[in-house]
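Please look through the structure shown below before reading on. The paragraphs that follow walk through a chain, its elements and a few of its residues.

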Amino acid sequence: MDNNVSVPSINYNPFTVVGSCNLCTRELNNDELISTIIKCVNFAAIKHKDQRRKDEEETPYINHPIGVANILIQEGQIYDPATIVAALLHDTVEDTETTFEEIENIFGTEVCNIVKEVTDDKSLPKLQRKKLQIENAPKKSHKAKLITLADKLYNLRDLQRAIPIGWSQDRIKDYFKWSKAVIDGCRRTNFNLERELDLIYAKRVSQERENCTCKKSLLS
Ligand SMILES: [Mn+2]
């Protein structure tokens, strides 16, 4: 029997290197880690190549998953490879032709499972998908919660930066409200990310109060 059979792809962990005995493993060294991250960024960039964000400048969509991964590292101080790779891939299945099988084969089972947790079922109506995000948030794994928080932080900052084409003030208001419910289901996950989100909401509340014609306190 051939002892050099490769590890079955189903449990293959791309963040470890399997020794020639097929039993011992070691974690990727720096070169291998950088290579994996760039392979992932390249994969996501190709998958999202025809998509744009909804702002007037039509920012390339890939800015979003890269920005989410960057928030996790720079602000969340998360350096776990599976979380970062899953963040880079988090919208590929939901928004492109990418399949979970493809992700599992290239980036392993753990990454694939995290991406599954943060992927909406597009066969469901939008309202139900939004409701499910609120319901499912507390049930998510720690890594999926981290990505959810960073994703919402990116989107809310983006909303503060530029209003998406065709969005009314009511729609923006609803988005803030809905995001808050999802975020509240992911509490006690990362202090820095939650603090940044709280600051955005505090600013939003004071802006709303400022702009309110009746000048009544929103907190009363
Ligand atoms: Mn996203």
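What covers the buried residues of H5? In this predicted model, the covering elements include helix H1 (30–47), helix H3 (81–89), helix H4 (92–95) and helix H7 (142–161). The residues of H5 that count as buried are Ile 103, Glu 104, Phe 107, Gly 108, Glu 110, Val 111, Cys 112, Ile 114 and Val 115, a list in which two glutamates, Glu 104 and Glu 110, appear.

To place this helix in its setting, it helps to step back to the chain. The secondary structure of the protein chain consists of nine helices and two strands, and from the N terminus on the elements follow the order β-β-α-α-α-α-α-α-α-α-α. The C-alpha trace spans about 80 × 35 × 30 Å along its principal axes, and of the 220 residues in the protein chain, 26% are buried. Among the contacts with a separation of 6 or more, 63% are made by residues 24 or more positions apart.

Returning to H5, which covers residues 100–117, one finds that its end C-alpha atoms are only 11 Å apart, whereas a straight helix of 18 residues would span 26 Å at 1.5 Å a residue. Within H5 there is a kink of about 135°, centred on Gly 108, and Gly 108 is also one of the buried residues of this helix.

One of the elements covering H5 can be followed in detail. The helices H3 and H5 pack with their axes 9 Å apart, at an angle of about 95°, and H3 is therefore roughly perpendicular to H5, since angles of 65 to 115 degrees are counted in that way. On the H3 side of this contact stand Ala 82, Val 85, Ala 86 and Leu 89, and these meet Ile 103, Phe 107, Glu 110, Val 111, Ile 114 and Val 115 in H5. The residues of the contact divide into nine nonpolar, one charged and no polar.

Two loop residues deserve a separate look for their backbone geometry. Most residues other than glycine have a negative phi. Asn 22, which is not a glycine, nevertheless has a positive phi of about 70°; its place is in the loop between strand S1 (16–18) and strand S2 (25–27), and Asn 22 is exposed, with 12 other C-beta atoms within 10 Å. Gln 77, likewise not a glycine, has a positive phi of about 55°. The loop that holds Gln 77 runs between helix H2 (63–74) and H3, and Gln 77 is exposed, with 11 other C-beta atoms within 10 Å.

Notes. Residues numbered from 1 in each chain as written. Predicted model: local features only at pLDDT ≥ 70, side-chain atom pairs only at ≥ 80, totals over all residues. Helix = DSSP H or I, 4+ residues; strand = E, 2+ residues; numbered from the N terminus. Expected span 1.5 Å × (residues − 1). Bend = angle between axes of the 7 residues up to and from the residue. Buried ≥ 20, exposed ≤ 12 C-beta atoms within 10 Å, placed from the backbone. Contact = placed C-beta atoms within 7 Å. Axes fitted to C-alpha atoms, helices over the stretch in contact; angles between N-to-C directions. Parallel < 35°, antiparallel > 145°, perpendicular 65-115°, else oblique. Nonpolar A, V, L, I, M, F, W, Y, C, P; charged D, E, K, R; others polar.
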